[in-house]
Amino acid sequence: MNIDDILAAASVIPVLEIPTIESAAPLAKALSAGGLRVVELTLRTDCALKAVSVMQDAAPDLIIGMGTIRTADDIKAACDVGSSFVVSPGASLTLLDALVASGAPSLPGVATASEAMTAFDAGFVAMKFFPAEPAGGISYLKSLAGPLPDIVFCPTGGISAEKAPNYLVLPNVACVGGSWIAPKAAIEAGDWAKIEANARNAAQL
Ligand code: 3PG
């Protein structure tokens, strides 16, 4: 799968922080049961790498990407455990080079026109726009669409169920991401019914 195939499978990508390996399987099942296909599992907890295969086994239809990728080592670690794509919060030139060299489907993170142009020059057409709301949100993305009409964004950061539809109608938005579908508190509480319900709502956007 290339990044276009992956983005075509998702309007909403839940951004996940897995606190314990025990939560990986039920979380994956809840998101899949709710109708979501693509997830970003952040590399922010000790069990994140191990969780990829556990989630994949629990929900084989999920397309699992690894987020919070900052270095070439992170890319390798994510690919070694079977991540289908990688996502970064920002993109240094070093990281852009490493993403290209890896050949992994990637969403490099950008927050400005200059960063988007730098990533585009490196060969990327789809990017994570992060942190979406603090960086200017919908009005900023509308402003980018004129001069950068050939770049598509996956805005993430501060987006809620209420705000998501207003992003999704923008012509330069491929999908939106966020933690609202599976909030940390709900994962820690094992509230899989709530997460499944959130996923179902998100899948209908
Ligand atoms: C991310 O890593 O993409 C963000 O932290 C998710 O942002 P949110 O928690 O504001 O949705």
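In this predicted model, the sulfur of Cys-47 sits 19 Å from the closest cysteine sulfur, that of Cys-79, which is too far for a bond. Cys-79 fares no better as a bonding partner: the closest cysteine sulfur to its own belongs to Cys-154, and at 18 Å that too is too far for a bond. For scale, a pair of cysteine sulfur atoms has to lie within 2.5 Å to be called a disulfide. A search of the whole structure accordingly turns up zero disulfides. As for surroundings, Cys-47 counts as buried, at 13% relative accessibility, whereas Cys-79 counts as partly exposed, at 34%.

Next come the strands. Strand S2, residues 38–42, is mostly covered, with five of its five residues buried. Val-38, Glu-40 and Thr-42 point one way from S2, while Val-39 and Leu-41 point the other way, and burial applies to all of them. S2 has a parallel partner in strand S1 (residues 12–16), and two bridges hold that pairing. Here Leu-16 stands opposite Leu-41 of S2. S2 also pairs with strand S3 (residues 63–67), again in the parallel sense, over five bridges. In this pairing Thr-42 stands opposite Gly-67 of S3. To get from S2 to S3, the chain passes through helix H3 (residues 48–58), and this β-α-β crossover is right-handed. A right-handed β-α-β unit is also made by S1, helix H2 (residues 24–33) and S2.

Two bits of backbone geometry deserve a look. Thr-68 has a positive phi, about 60 degrees, although it is not a glycine. This threonine is found in the loop between S3 and helix H4 (72–80), and with a relative accessible area of 17% Thr-68 is buried. Further along, Phe-130 and Pro-131 are joined by a cis peptide bond, with omega at about -10 degrees. Pro-131 has its place in the loop between strand S7 (126–129) and helix H7 (132–135). Phe-130 also has a charged residue for company: Lys-128 lies over the face of its ring, 5.0 Å from the ring centre.

As for aromatic contacts, the structure holds two aromatic pairs. One is the stacked pair of Phe-129 and Tyr-140, at 5.7 Å centre to centre with 15 degrees between the planes. Phe-129 lies in strand S7 and Tyr-140 in helix H8 (residues 137–145), so this pair ties together parts that are 11 residues apart in sequence. On the question of cover, Phe-129 is buried, with a relative accessible area of 0%, while Tyr-140 counts as partly exposed at 27% relative accessibility. Phe-129 also pairs with Phe-153: the ring centres are 6.1 Å apart and the planes stand at 70 degrees, so this pair is edge-to-face. Because Phe-129 lies in strand S7 and Phe-153 in strand S8 (residues 152–155), the pair ties together parts that are 24 residues apart in sequence. Phe-153 is buried, as is Phe-129. Taken together, Phe-129, Tyr-140 and Phe-153 form one aromatic cluster.

Notes. Residues numbered from 1 in each chain as written. Predicted model: local features only at pLDDT ≥ 70, side-chain atom pairs only at ≥ 80, totals over all residues. Heavy atoms only, no water. Buried < 20%, exposed > 50% of the residue type's maximum accessible area, 1.4 Å probe, protein only. Helix = DSSP H or I, 4+ residues; strand = E, 2+ residues; numbered from the N terminus. Pairing = 2+ DSSP bridges. Right-handed = clockwise from strand over helix to strand, strands pointing away. Phe/Tyr/Trp six-rings, centres within 6.5 Å; stacked < 30°, edge-to-face > 60°. Lys NZ or Arg CZ within 6 Å of the ring centre and 35° of its normal.
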